[in-house]
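Here are my notes on the model, set out as numbered points. Please read them with the coordinates open beside the text.

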Amino acid sequence: MQPARILIIEDNPLNMELAEDLLVDEGFEVLPAADAITGIEIARSERPDLILMDLQLPGIDGLQATQMLKADERTRTIPIVALTAHAMNHHDDQAKRAGCCDFISKPIDTDRFPDQVRRILKAAANEAIGELTPSEVA
Ligand code: MN
């Protein structure tokens, strides 16, 4: 099986490095983007299995970027997980409304992070199967 490909859209280089290292160590393929425009381009061209979206980004923020990805036929089915700062709990609701399927609190818990990502990937895959018609599953 191909390793899952995960697009991380995160402007803080240290947060990016940590998340990328943890996921690469677990065998995931990581596509990094430091801003929303770059991330959206990569999402369209690479069709990753999952997007981890920092909400606080320069220029287009993570909520706007999520809405753009969900409005685009090419990227609307890719699950998006919000990376939200602990102190900003009100962002969790906003993230759901924008189209995020889940969220992971920052700073990320290095012990739990890989399992959180695996669990979300699995849930998203199950949901995608549920959306298929019987002939597509067969
Ligand atoms: Mn940020």
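1. Is alanine 123 buried, partly exposed or exposed? This is a predicted model, and in it alanine 123 has a relative accessibility of 44%, so that the residue counts as partly exposed, the range in question running from 20% to 50%. Alanine 123 is part of helix 5, and its C-alpha atom is 31 Å from that of glycine 59, a residue 64 positions away in sequence.

2. On the overall fold, the protein chain contains six helices and five strands, and read from the N terminus these elements follow the order β-α-β-α-β-α-β-α-β-α-α. Among the contacts in the protein chain with a separation of 6 or more, 60% join residues that are 24 or more positions apart.

3. On the dimensions, the radius of gyration of the protein chain is 14 Å, and this agrees with a compact globule because a chain of 138 residues would then be expected to have a value near 14 Å. Along the principal axes, the C-alpha atoms occupy a box of roughly 45 × 30 × 30 Å. Of the 138 residues in the protein chain, 41% are buried, while the exposed area comes to about 7800 Å², with 52% of that area supplied by carbon and sulfur atoms.

4. The pockets deserve a separate look. Rolling a probe the size of a water molecule over the atoms shows where empty space is left. The largest pocket has a volume of about 550 Å³, and 21 residues line this pocket, those closest to its centre being Thr77, Ile78, Pro79, Ala124 and Ala128. Helix 5, which spans residues 113-131, provides the largest share of the lining with eight residues. Sorted by class, the lining of the largest pocket consists of twelve nonpolar, seven charged and two polar residues.

5. Which residues line the second largest pocket? They are Met1, Gln2, Pro3, Ala4, Arg5, Phe28, Asp49, Arg118 and Leu121, and by class they divide into five nonpolar, three charged and one polar. The volume of the second largest pocket is about 170 Å³.

6. Proline 79, one of the residues closest to the centre of the largest pocket, belongs to the loop between helix 3 (62-71) and strand 4 (80-85). Its relative accessibility is 13%, and because this is under the 20% cut-off, proline 79 counts as buried. When residues up to four places away in sequence are not counted, proline 79 touches Asp49, Leu50, Ile51, Lys70, Cys101 and Ala124. For leucine 50, which is 29 residues away along the chain, the C-alpha separation from proline 79 is 5.2 Å.

7. Two points of backbone geometry should be checked by eye. The peptide bond from lysine 106 to proline 107 is cis, with omega near -5°, and proline 107 sits in the loop between strand 5 (102-106) and helix 5. Arginine 47, a residue other than glycine, has a positive phi, near 45°; this arginine 47 lies in the loop that runs between helix 2 (36-46) and strand 3 (50-54), and at 43% relative accessibility it counts as partly exposed.

8. What does threonine 110 contact, once its neighbours within four places in sequence are left aside? The partners of threonine 110 are then Leu18 and Leu22. Threonine 110 is placed in the loop between strand 5 and helix 5, and with a relative accessible area of 36% it is partly exposed. Its C-alpha atom is 15 Å from that of phenylalanine 28, although the two residues are 82 positions apart along the chain.

9. Glutamate 20 is located in helix 1 (residues 13-25), and its relative accessible area of 24% makes it partly exposed. Leaving aside neighbours within four places in sequence, glutamate 20 is in contact with Ile8, Val30 and Pro32. Leucine 121, one of the residues that line the second largest pocket, is 101 residues from glutamate 20 in sequence and 16 Å from it in space, C-alpha to C-alpha.

Conventions:
Residues are numbered from 1 along each chain as its sequence is written. This is a predicted model: local features need pLDDT of at least 70, side-chain atom pairs count only at pLDDT 80 or more; totals for chains, interfaces and linings use all residues. Side-chain values use heavy atoms; hydrogens and water are left out. On a 1 Å grid over the protein atoms alone, a cavity is a set of points where a 1.4 Å probe fits but cannot get out, and a pocket is an open set with protein on both sides within 12 Å along at least five of seven lines; lining residues have an atom within 4 Å of a point. Grid points are joined across faces, edges and corners, and a volume is the space filled by probe spheres set on the points. Helices (H or I, at least four residues) and strands (E, at least two) are DSSP runs, numbered from the N terminus. Ala, Val, Leu, Ile, Met, Phe, Trp, Tyr, Cys and Pro count as nonpolar, Asp, Glu, Lys and Arg as charged, and the others, Gly among them, as polar. The radius of gyration is taken over C-alpha atoms; the globule rule is 2.2 Å times the number of residues to the power 0.38. Buried means under 20% relative accessible area, exposed over 50%, partly exposed in between (1.4 Å probe, protein chains only). Contact means heavy atoms within 4.5 Å. Accessible areas come from the Shrake-Rupley method with a 1.4 Å probe; for residues, only the protein chains shown count as cover.
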